[in-house]
Amino acid sequence: MPELPEVETVRRGLIPAMEGQIIAKATVNRPDLRWPFPSNMAERLTGKRVLRLRRRSKYILVDLDSDETALIHLGMSGRMLVSGDPLGQFVHDHPAPEKHDHVVLDMANGARITFNDPRRFGAMDLFETGSGDAHPLLAPLGPEPLGNTFDENYLIAALADRNTPMKSALLDQKTIAGLGNIYVCEALFRSKIHPTRPARRVSKERISRLVPIIRDVLTDAIEAGGSSLRDFRQTDGELGYFQHSFDVYGREGEPCRSSGCASMIRRIVQSGRSTFYCPTCQR
Ligand SMILES: [Zn+2]
């Protein structure tokens with residue numbers, strides 16, 4: 001499932017093909033993904049110029065010159081393919097149409113963006129750009145972890161009375177937007193906080209240290225995504241998934257990487273999701 005760094009990588013990969021360009025033709029091959037597409041979506045996209053690609057949490061926001069914004073969510077299995085860019089950034093020919101190519105955007109510059117999603121948990125919507133954060137998917141979201149309003153004072157206040165385990169508190173999208181399972185595990189490991197510790201029982205000092213750690217974990221992953229972006233132009237044109245090494249995630253039974261620690265990484269299940277942690281380093 002793509003997390004914030006993957007979505008940011010997709011956004012950055014789409015910019016050269018889309019930003020400033022006109023959508024010559026939008027093709028919508030089915031009425032819905034997770035939810036129904038907005039009415040007349042193909043017509044509302046066709047002929048519009050893309051002013052800007054933004055990201056909020058795990059949503060890509062495409063501002064159009066029609067004062068509408070297209071929201072794209074990759075869901076569980078969604079992927080974006082870029083082909084045929086005449087600028088030479090993407091050397092791929094247009095691929096043969098595939099079964100799960102649900103939305104295809106042919107840009108006036110010759111680039112084609114294909115949104116493929118076999119499991120159809122993804123989503124697309126259109127909303128008035130000016131209404132911004134009133135969109136039902138955006139309204140409940142807390143601050144961006146890489147944004148200015150996410151800081152030590154905010155996080156201390158947000159966690160102060162929470163009796164929920166740290167892992168769950170950080171996964172709560174009202175607390176921080178876009179932080180998912182993998183990067184919460186990594187951030188808790190780096191900050192040496194035990195994932196089951198109730199949030200209100202973590203000291204202010206440790207929560208303060210967690211803020212730059214969350215930022216670093218995400219920034220490192222975005223940088224890894226940036227490297228994959230340079231590679232993908234030589235491979236298959238698909239955006240969004242990249243190899244990245246984790247300290248704890250997916251490493252159950254493997255040795256802890258902290259120097260001097262002889263423990264093995266453990267996996268437990270919290271709220272139905274796997275948590276990976278070091279029982280010695282994290283308290
Ligand atoms: Zn350890």
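**Entry 1. The hairpin of β2 and β3**

I began with strand β2 (residues 50-56) and strand β3 (residues 59-64), which run antiparallel and are joined by six bridges. The model I am reading is a predicted one. Across this pair I found R55 standing opposite I60 of β3. I then looked at the turn: two residues lie between the strands of the hairpin, and S57 takes a positive phi near 55°.

**Entry 2. K58 and the "active site" annotation**

I next looked up K58, which is placed in the loop between β2 and β3. Is K58 buried or exposed? I counted K58 as buried, because 25 other C-beta atoms lie within 10 Å, and a residue is called buried at 20 or more. Setting aside neighbours within four places in sequence, I listed the contacts of K58 as P2, E3, L4, V7, H73 and G178.

I compared this list with the record. The UniProt annotation "active site", from an unreviewed entry, covers P2, E3, K58 and R273. Two of the residues that K58 touches, P2 and E3, thus carry the annotation as well. I traced R273 to strand β11 (residues 273-277). R273 counts as partly exposed, because it has 15 C-beta neighbours inside 10 Å.

**Entry 3. The "binding site" annotation**

I turned to a further record. In the unreviewed UniProt entry, the annotation "binding site" covers H100, R119 and R162. These residues are spread over 63 residues of sequence and are also spread in space, up to 41.9 Å between C-alpha atoms.

I located H100 in the loop between β5 (79-83) and β6 (101-107). With 17 C-beta neighbours inside 10 Å, H100 is classed as partly exposed. Not counting residues up to four places away in sequence, H100 touches N116, D117 and P118.

I located R162 in the loop between α3 (152-159) and α4 (166-171). R162 is partly exposed, with 17 other C-beta atoms within 10 Å. Apart from neighbours within four places in sequence, R162 is in contact with A169, A199 and R200.

**Entry 4. S77**

Which residues does S77 contact, leaving aside its neighbours within four places in sequence? I noted D117, P118, R119 and F121. R119 is among the residues of the "binding site" annotation in the UniProt record, and D117 and P118 are also touched by H100. S77 sits in the loop between β4 (68-73) and β5. I recorded S77 as partly exposed, since 15 other C-beta atoms lie within 10 Å. I also looked up S77 with G272: they are 195 residues apart in sequence and 19 Å apart in space, C-alpha to C-alpha.

**Entry 5. Domains and the nonpolar core**

I checked the domain assignment, which gives domain 1 (4-134) and domain 2 (152-277). Their C-alpha centres lie 28 Å apart.

I then examined the largest nonpolar core, which has 67 residues; L14, I113 and C185 have the most contacts inside it. Domain 1 and domain 2 each give at least three residues to this core. In soluble globular proteins, nonpolar side chains tend to be buried together. For I113, leaving aside neighbours within four places in sequence, I listed contacts with L14, A17, M18, M80, V82 and L105.

**Entry 6. Helix α5**

C185 led me to helix α5, where it is one of the buried residues. Why is α5 (residues 181-190) described as largely enclosed by the rest of the structure? Nine of its ten residues are buried, so the description follows. The buried residues are I182, Y183, V184, C185, E186, A187, L188, F189 and R190. Just after α5, I noted that K192 takes a positive phi of about 60°.

**Entry 7. The chain as a whole**

I closed with the overall figures. The secondary structure of the protein chain comes to six helices and eleven strands. Its radius of gyration is 20 Å, close to the 19 Å that the globule rule gives for 283 residues, so the chain is as compact as a globular protein of that length. Along the principal axes, the C-alpha atoms fill a box of roughly 55 × 40 × 30 Å. I noted that 36% of the 283 residues count as buried. Of the contacts between residues at least 6 apart in sequence, 69% join residues at least 24 apart.

Definitions and conventions: Residues numbered from 1 in each chain as written. Predicted model: local features only at pLDDT ≥ 70, side-chain atom pairs only at ≥ 80, totals over all residues. Pairing = 2+ DSSP bridges. Helix = DSSP H or I, 4+ residues; strand = E, 2+ residues; numbered from the N terminus. UniProt positions renumbered as here; feature names shortened; annotations may be inferred. Buried ≥ 20, exposed ≤ 12 C-beta atoms within 10 Å, placed from the backbone. Contact = placed C-beta atoms within 7 Å. Domains from an automatic or database assignment. Core = buried A, V, L, I, M, F, W, Y, C linked by C-beta atoms within 7 Å. Rg over C-alpha atoms; globule rule 2.2 N^0.38 Å.
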